Every structure is written in C-alpha cells, then in structure tokens.
Amino acid sequence: METTGTNRVTELHELEKFKFQAFESARLYKERMKLMHDKHIVDQNLKSEELVLLYNSRLRLFPSKLKSRWLGPFRVVQMFPSGAVEIESEDGANKFIVNGQRLKHYLGMANEKGDREIIMLEEPQYMNEE
C-alpha cells in the first residue's frame, strides 16, 4: 500500500513537471511568433490632410489578377491612438474609420491642377524592303 502511494505521488509530480514544460514551450513559441509577426508591421506616419489608398480585402465575385485592390485616393481626417484612422473621400461626401494597417501613402498625380498629358499610341510603321 505504501509503495503504491509513493508511486502515485511520483507519477503526479512527473505529470505536473510535464505540464509545466508544455506550458513553457507554448509560451516560448508564442513569443517567437509574435516577434516574427511584429517584424512585418510597418509603422504608419500618416498626417492630417495627406492622401492615402485603402486596401479592399472584400471577397470578389469575379477575381482578376490585373484588377487593383487599392481604392482611393482618400484624405486623412484624424488619427486615433489605437491605430485607427478616420478618412474621407476626396469630394468630402463620405467619412469612415478604418484600420491604419489597410492604408498606404498615395504617391500619384503630383500636379494639383489636374492637368494631364495625353500620349497617343500608334502602330509602328515598318518600311517594306522589296
């Protein structure tokens, strides 16, 4: 009876030790994965009145490789400490709050006047060698 009791207590101690090692291993794994994930997070330094593009992550009925998933441009209205950003459409009609990770700076159309240069593309003219 006495040896059975000591064996049982020893098994319980080994089980507790195994459980502790499993928790420790899971904690270390979570720390490594968090460091790896945080390495890819880019800190956005958006300021008020800047132009940004919004990533459209919604499911599409007709997905296409050549279709852009970036919508915009939108104007930044306000940044919140949580990382959320309030943006509005360029005409000011719609305002909404989005996650700051879904935004990137808009670099296109540097000229503010709206002047556009039109380039006409034509088929090349080859000389016939006869």
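**Note on a predicted one-helix, five-strand chain**

1. Among contacts in the chain between residues at least 6 apart in sequence, 41% join residues at least 24 apart. The model is predicted, and the values below are computed from it. The chain has 130 residues, of which 14% count as buried. Its accessible surface comes to about 12,300 Å², and 57% of that surface belongs to carbon and sulfur atoms.

2. The secondary structure consists of one helix and five strands. Along the sequence the order is α-β-β-β-β-β. Helix 1 covers residues 2-39, strand 1 covers 51-55, strand 2 covers 70-79, strand 3 covers 84-89 and strand 4 covers 95-99.

3. Which residues make up the largest nonpolar core? The core has nine residues in all: L46, V52, L54, F74, V76, V85, I87, V98 and L103. Strand 1, strand 2 and strand 3 are the elements that give two or more residues to this core. As background, nonpolar side chains in soluble globular proteins tend to be buried together.

4. L103 is a useful core residue to select in the viewer. Apart from its neighbours within four places in sequence, L103 is in contact with Q44, L46, V52, L53, L54, W70, V85, I87 and V98. Several of these names recur from the core list above, including L46, V52 and V98.

5. There is also nonpolar material on the surface. L12, L15 and F18 make a nonpolar surface patch of about 330 Å². F18 lies in helix 1. With a relative accessible area of 58%, F18 is exposed, because the cut-off for that word is over 50%.

6. How many salt bridges does the model have? The count comes to five. In general, side chains of opposite charge can pair when their charged atoms come close. The next three points take the pairs in turn.

7. Helix 1 holds two of the pairs described here. R8 forms a salt bridge with E11, with the closest N and O atoms 3.8 Å apart. R8 and E11 are three residues apart, about one turn of the helix. E11 is partly exposed, at 46% relative accessibility. The other pair is D38 with K34, at 2.9 Å from N to O. D38 and K34 are four residues apart in helix 1, so about one helical turn separates them. D38 is partly exposed, with a relative accessible area of 33%, whereas K34 is exposed at 51%.

8. R75 and E90 form a salt bridge at 3.5 Å, N to O. This pair links distant parts of the chain: R75 is in strand 2, while E90 is in the loop between strand 3 and strand 4, and the two are 15 residues apart. E90 is partly exposed, with a relative accessible area of 45%.

9. Salt bridges that share partners also join E24, R27 and E31 into one network.

10. Two glutamates in strand 3 deserve a closer look: E86 and E88. E86 is buried but has no salt bridge. Its nearest side chain of opposite charge is K95, 4.6 Å away. A salt bridge needs the nitrogen within 4 Å of the carboxyl oxygen, so the E86 and K95 pair does not qualify. Leaving out neighbours within four places in sequence, E86 is in contact with R75, V76, V77, Q78, F80, K95, F96 and I97.

11. E88 is likewise buried without a salt bridge, and the nearest side chain of opposite charge is again K95, here 4.3 Å away. Beyond its neighbours within four places in sequence, E88 is in contact with F74, R75, V77, N94 and K95.

12. Two backbone features remain. Most residues other than glycine have a negative phi, and most peptide bonds are trans. Where is the cis peptide bond? The bond from G72 to P73 is cis, with omega near 10°, and P73 lies in strand 2.

13. E49 has a positive phi of about 75°, although E49 is not a glycine. The residue sits in the loop between helix 1 and strand 1. At 51% relative accessibility, E49 counts as exposed.

Conventions: Residues numbered from 1 in each chain as written. Predicted model: local features only at pLDDT ≥ 70, side-chain atom pairs only at ≥ 80, totals over all residues. Heavy atoms only, no water. Buried < 20%, exposed > 50% of the residue type's maximum accessible area, 1.4 Å probe, protein only. Lys, Arg positive; Asp, Glu negative; His and termini not counted. Contact = heavy atoms within 4.5 Å. Patch = residues over 30% accessible without salt bridge, like charges linked within 9 Å, V, L, I, M, F, W, Y side chains within 5 Å. Areas by Shrake-Rupley, 256 points an atom, 1.4 Å probe, with all protein chains shown as cover. Core = buried A, V, L, I, M, F, W, Y, C linked by side-chain atoms within 4.5 Å.
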